[in-house]
Amino acid sequence: MIQVRRVVGNSMLPAYKNRQLVIVSHFKRPVVGSVVVAVQNGKEVMKRVLSVDNNSMVDVRGDNQDQSTDSRQLGKVPMRKVLGVVVWPKRP
């Protein structure tokens, strides 16, 4: 499934801006460096994958770490809570 999502907040600056539209694919598996949409602490978030461990736990971080609440505060995200990978627009 492919879905359109809107970025909320500044945690992914400068790669993704607040209110920007992105396309998310549920078919792609997250890898280190990919940007994902996941459920963390009961909220849908968009973050970059820092690591995936052998227990299918994903460490996610905002690119703008000063304005990001992510795995540093909330812990890793179970792979089953990753909703998809951002496929457009592609950003480094």
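Start with the whole chain and colour it by burial: 39% of its 92 residues count as buried. Keep in mind that this is a predicted model.

Now switch to a cartoon view. You should find one helix and seven strands, and if you walk from the N terminus the order is β-β-β-β-β-α-β-β. The radius of gyration is 12 Å, close to the 12 Å that the globule rule gives for 92 residues, so the chain is as compact as a globular protein of that length. Turn the C-alpha trace along its principal axes and the span is about 30 × 30 × 25 Å.

Next, select residues 43–52 and 57–61. These are strands β4 and β5, which run antiparallel and are joined by four bridges. Show Val-52 and look across to β5, where Val-58 stands opposite. Then move into the hairpin of β4 and β5: four residues lie between the strands, and Ser-56 takes a positive phi near 60 degrees.

Stay with β5 and add residues 77–78, which form β6. Here too the pairing is antiparallel, over two bridges. To see one of the partnerships, pick Met-57 and Pro-78, its bridge partner in β6.

Zoom back out and draw the contacts. Among those between residues at least 6 apart in sequence, 48% join residues at least 24 apart.

Finish on the outside. Turn on the surface: the accessible area is about 5500 Å², with 52% belonging to carbon and sulfur atoms. Then colour the charges, and you will have 16 positive and 6 negative side chains to find. The centres of these two sets lie 7 Å apart.

How values were computed: Residues numbered from 1 in each chain as written. Predicted model: local features only at pLDDT ≥ 70, side-chain atom pairs only at ≥ 80, totals over all residues. Heavy atoms only, no water. Rg over C-alpha atoms; globule rule 2.2 N^0.38 Å. Buried < 20%, exposed > 50% of the residue type's maximum accessible area, 1.4 Å probe, protein only. Contact = heavy atoms within 4.5 Å. Areas by Shrake-Rupley, 256 points an atom, 1.4 Å probe, with all protein chains shown as cover. Lys, Arg positive; Asp, Glu negative; His and termini not counted. Charge placed at Lys NZ, Arg CZ, Asp CG, Glu CD. Pairing = 2+ DSSP bridges.
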